[in-house]
Structure formats: C-alpha cells, structure tokens
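Biologist: Could you take a close look at one part of this model for me? I would like to hear how that part sits within the chain as a whole.

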Amino acid sequence: QYELGEMFRHGLFCDTVYMRLARNYVRRASVQGHVDALARMQQLRSCVLCGAVKAPLACALCHQARYCDSACSKKHWCEGGGVGGGVMGGASARHRHTCPRTHPRRSNDEGGTR
C-alpha cells in the first residue's frame with residue numbers, strides 16, 4: 001500500500017501526480033502500522049509554512065497544502081516560504097503559483113469584455 005502511494009505521489013504511473021490516491025494508499029498503510037507510511041502521513045498533515053504537527057485547514061482549491069491557521073495560509077499564498085509537506089512545487093514557492101487548481105486569469109485586453 002505504501003509503495004503504491006509513493007508511486008502515485010511521484011507520478012510514476014503517468015505524467016499526472018495523483019495526490020488524492022497517494023494519500024489514500026499511504027493512509028491505509030499507516031493504519032496497518034507501516035513505519036514509513038506513519039512518517040509520511042505526519043508530513044502530509046503538517047503545516048506547510050510553520051511545520052506545526054496538526055494542520056486542520058487545507059487549501060480551498062487543491063486540498064493538498066495544509067495550514068495550522070489562516071495567517072499561515074495567507075502568508076504562504078502571497079509570500080511563499082515554509083518547511084514543506086506534501087505540496088507540489090515545493091514549499092518555498094508561493095502557493096498561488098504552484099497550486100494545481102489555479103488557472104491563468106484572462107486580462108481585459110485579451111478580448112472579451114466584462
């Protein structure tokens with residue numbers, strides 16, 4: 001279970017990284033007592049910015065980046081930085097630039113009016 005989770009996390013099956021499937025497989029392995037899976041789940045549940053162990057909040061768009069409070073969420077979105085923990089693009093980059101669910105915004109001069 002843990003090995004499958006890591007394969008999905010690194011995108012070994014295809015070009016896409018399936019974090020949702022990776023978390024499910026790693027979670028199952030941690031319930032079974034796999035030592036590496038327990039450590040990975042702790043990393044995935046920690047705050048991306050400050051490293052707090054229990055991070056109840058997640059990015060509203062991708063649900064991958066976890067935060068201990070809204071201040072950490074806002075700071076990581078705007079400024080970047082942090083210790084990492086289960087986010088694509090690394091924790092040092094601004095999450096707004098690495099979040100897989102954000103789309104480039106159209107500017108007003110690209111056609112179309114609002």
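**A close look at C62 and its surroundings**

Modeller: Happy to help, and let me begin with a side chain placed over a ring: R28 lies over the face of Y25, 5.4 Å from the ring centre. Aromatic pairs, on the other hand, number zero in a search of the whole structure. Please keep in mind that this is a predicted model. The protein chain has an average pLDDT of 76, and 77% of the residues score at least 70.

Now to the part I would like to show you, the surroundings of C62. This residue has its place in the loop between strand 1 (57-58) and strand 2 (66-67). Is C62 buried or exposed? Its relative accessible area is 10%, and because buried means under 20%, C62 counts as buried. Beyond the neighbours within four places in sequence, C62 is in contact with H95, C99, P100 and R101. For P100, the C-alpha to C-alpha distance to C62 is 6.5 Å, although the two are 38 residues apart in sequence.

Let us follow one of those contacts, H95. This histidine is found in helix 5 (residues 95-98). H95 has a relative accessibility of 2%, so it counts as buried. Leaving out residues up to four places away in sequence, H95 touches C59, C62, A65, Y67, H76 and W77. 

Several of these names come back in the largest nonpolar core, which has 10 residues in all: C47, V48, L49, A55, C59, C62, A65, Y67, C72 and C99. A second, separate core has seven residues, including Y2, V26, A29 and A37.

From C62 we can also look towards R20, which is found in helix 2 (residues 19-31). The C-alpha atoms of R20 and C62 are separated by 9.9 Å, with their positions 42 residues apart along the chain. Which state does R20 have, buried or exposed? It counts as exposed, because its relative accessibility is 71% and the cut-off for exposed is over 50%.

V83 makes a useful companion example. Its place is in the loop between helix 4 (70-78) and helix 5. V83 is exposed, with a relative accessible area of 58%. V83 and A52 are 31 residues apart in sequence, and their C-alpha atoms are 9.8 Å apart in space.

Stepping back to the whole chain, the secondary structure comes to five helices and two strands. Along the sequence they follow the pattern α-α-α-β-β-α-α. The protein chain has 114 residues, of which 33% count as buried. Among contacts with a separation of 6 or more, 36% are between residues 24 or more positions apart. The chain exposes about 7600 Å², and carbon and sulfur atoms supply 51% of that area.

One caution before you set up any calculation of your own. Over residues 105-114 the pLDDT stays under 50, and the model has three contacts for this stretch beyond four places in sequence. Where pLDDT is low, the predicted coordinates should not be read in detail.

Definitions and conventions
Residues are numbered from 1 along each chain as its sequence is written. This is a predicted model: local features need pLDDT of at least 70, side-chain atom pairs count only at pLDDT 80 or more; totals for chains, interfaces and linings use all residues. Side-chain values use heavy atoms; hydrogens and water are left out. Rings of Phe, Tyr and Trp (its six-membered ring) pair if their centres lie within 6.5 Å; planes under 30 degrees apart count as stacked, over 60 as edge-to-face and the rest as tilted. A charge sits over a ring if NZ of Lys or CZ of Arg is within 6 Å of the ring centre and within 35 degrees of the ring normal. Helices (H or I, at least four residues) and strands (E, at least two) are DSSP runs, numbered from the N terminus. Buried means under 20% relative accessible area, exposed over 50%, partly exposed in between (1.4 Å probe, protein chains only). Contact means heavy atoms within 4.5 Å. pLDDT is the predictor's confidence in each residue, from 0 to 100. A nonpolar core is a set of buried Ala, Val, Leu, Ile, Met, Phe, Trp, Tyr and Cys residues joined through side-chain atoms within 4.5 Å. Accessible areas come from the Shrake-Rupley method with a 1.4 Å probe; for residues, only the protein chains shown count as cover.
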